[in-house]
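New to this one? Here is a quick briefing to read alongside the structure, starting with a pair of helices and then moving on to charged side chains.

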Amino acid sequence: MLKLIKSQPPARIIAFGFALVILLGSCLFMLPCSVKEGVELRYIDALYMSTSAVCVTGLISVDAGDTFTPLGQFFLAVLIQTGGLGVTCIGAGVIVAMRRRVNLKGRNVIREAMNLNTGKGIVKFIKSVFLTTLSFELVGAALSFIVFIKDYPPLRAIGISLFHSIAAFNNSGFDVLGNFQSLIPYQNNVLLNLVTCGLVVFGGIGFLVIRELIEKRLCWRKLSMHTKVVLTVSAALIAIGTLLIKLTENVTWLGAFFSSVSARTAGFATYPLGEFTNAGLSVIALLMFIGASPGSTGGGIKTSTLFVLFQGIKSAATNKSEKAFHYAVPATAFRKAAVITLIGLSIISVGTYLMTAMEPQISFIDALFEVTSAFGTVGLTTGITTELCLGSKLLSIVIMYIGRLGPLTIASLWYFTKGERVSYPDGNIAIG
């Protein structure tokens, strides 16, 4: 069995690893020590929560604070951390900690999982990922503790702060405050809002960008094209999202800013989304679909994909080459971006159709929002998650899994290395 797995391409190994951790997590949640006394947890809900945690989504069929014991919440935090860093990165980290060498196959798997261009410097990169994660989460927990200590006993406040920091940096919208309230009680707390947004943003721009910002000492001129694209698009989406949400919803500027940041795959809410207008939900759904950046803890089609799409469209409209920041956009980038976007739209369309068919009482916008949230591994909901039937929960589980692995990775699972034996001449087909 192990030999068979090792012979598979990196994409299949990554997919298998995530599936295995999800199943293991569901079993841990079913242990009596994980569930509070008097609370009944069905396996479908344990599987749903495990998938949501490993896929760093945050959609919940049961409330984590009201359902799980401190040990169960610890299991949940471990699954979120594992899903955020990636199963392969965690495994490689263990190998490095044991002072063993990462073989060529392992390096290829890590390179595929973390969207790296080369397998060189893998061990150094893994160490920097763990150090970066630890640093951000400890600082985030310390700042969050200042807020939570006012409402909870010291030990409980420490636990909530650590859990919240892990969930925020890994762009997973879980909370353990209970009663399905997310961060609504803290909607006017400036410190917690800004700390959460900071963790979400840095977790969403990707480890490659964070490392480059540190190495280049924030010097814009020295940054690579990828980093400039990620930072520019991320800032633009946050600004545009904040403005549009403020224009359509009765929220404060802080609330609009938080919602705009959180919609980019974080999943925390400071206002009940069930009370938002269709216009506001449409803005958030679009932000959820775009998501975070490559090599990050977030999902979606990614900011760089959106950038390349716009560059390709502009190039076709103006008949000029694709270029930005004094670099030429790679020739194959637009094709890859178009494929990812098309697959993503197809998954959301099919998923929304199936959910509305199985849940006729749910409105179209609520179903679309729920499916988009699952695909973008966001975790935001209008409040319908707990009411979903078995079929809809299984559908959401599959979509979260696809969203975490990425559309292109899922598509490449069926790729075989044998080349085509027959070639054909180019045909003529009208486009547009």
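**Two helices and a few charged pairs**

Helix 8 (residues 122–148) packs against helix 9 (residues 154–169) at an angle of about 135°, and their axes are 8 Å apart. Bear in mind that this is a predicted model. Besides that helix pair, we'll look at the salt bridges, of which the structure holds 3.

**How helix 8 and helix 9 meet**

- Two packed helices are described by the angle between their axes and the distance between the axes.
- An angle of about 135° falls outside the ranges for roughly parallel (under 35 degrees), roughly perpendicular (65 to 115) and roughly antiparallel (over 145), so helix 8 and helix 9 are oblique to each other.
- The crossing of helix 8 and helix 9 is right-handed.
- On the helix 8 side, the contact is made by T133, F136, E137, G140, A141, S144, F145 and F148.
- Helix 9 brings P154, A157, I158, I160, S161, L162, H164, S165, I166 and F169 to that contact.
- Sort the residues of this contact by type and you get 11 nonpolar, 6 polar and 1 charged.

**The salt bridges around D45**

- Side chains of opposite charge can pair when their charged atoms come close.
- R42 and D45 form a salt bridge, with 3.4 Å between the closest N and O atoms.
- What about exposure in that pair: is each residue buried, partly exposed or exposed? R42 has 46% relative accessibility, so it counts as partly exposed, while D45 is buried at a relative accessible area of 6%.
- D45 also meets K393 in a salt bridge, at 2.8 Å from N to O.
- That second pair links distant parts of the chain: K393 sits in helix 18 (residues 390–405) and D45 in helix 3 (residues 43–54), 348 residues apart.
- Both K393 and D45 are buried.

**The K216 and E212 pair**

- Another salt bridge joins the side chains of K216 and E212, at 3.9 Å from N to O.
- K216 has a relative accessible area of 29%, so it is partly exposed.
- E212 has a relative accessible area of 12%, which means it is buried.

**Putting the bridges together**

- Which residues end up in one network? Salt bridges with shared partners join R42, D45 and K393.

Technical notes:
Residues numbered from 1 in each chain as written. Predicted model: local features only at pLDDT ≥ 70, side-chain atom pairs only at ≥ 80, totals over all residues. Heavy atoms only, no water. Axes fitted to C-alpha atoms, helices over the stretch in contact; angles between N-to-C directions. Helix = DSSP H or I, 4+ residues; strand = E, 2+ residues; numbered from the N terminus. Left-handed = near helix turned anticlockwise from the far one by under 90°. Contact = heavy atoms within 4.5 Å. Nonpolar A, V, L, I, M, F, W, Y, C, P; charged D, E, K, R; others polar. Salt bridge = Lys/Arg side-chain N within 4 Å of Asp/Glu carboxyl O. Buried < 20%, exposed > 50% of the residue type's maximum accessible area, 1.4 Å probe, protein only.
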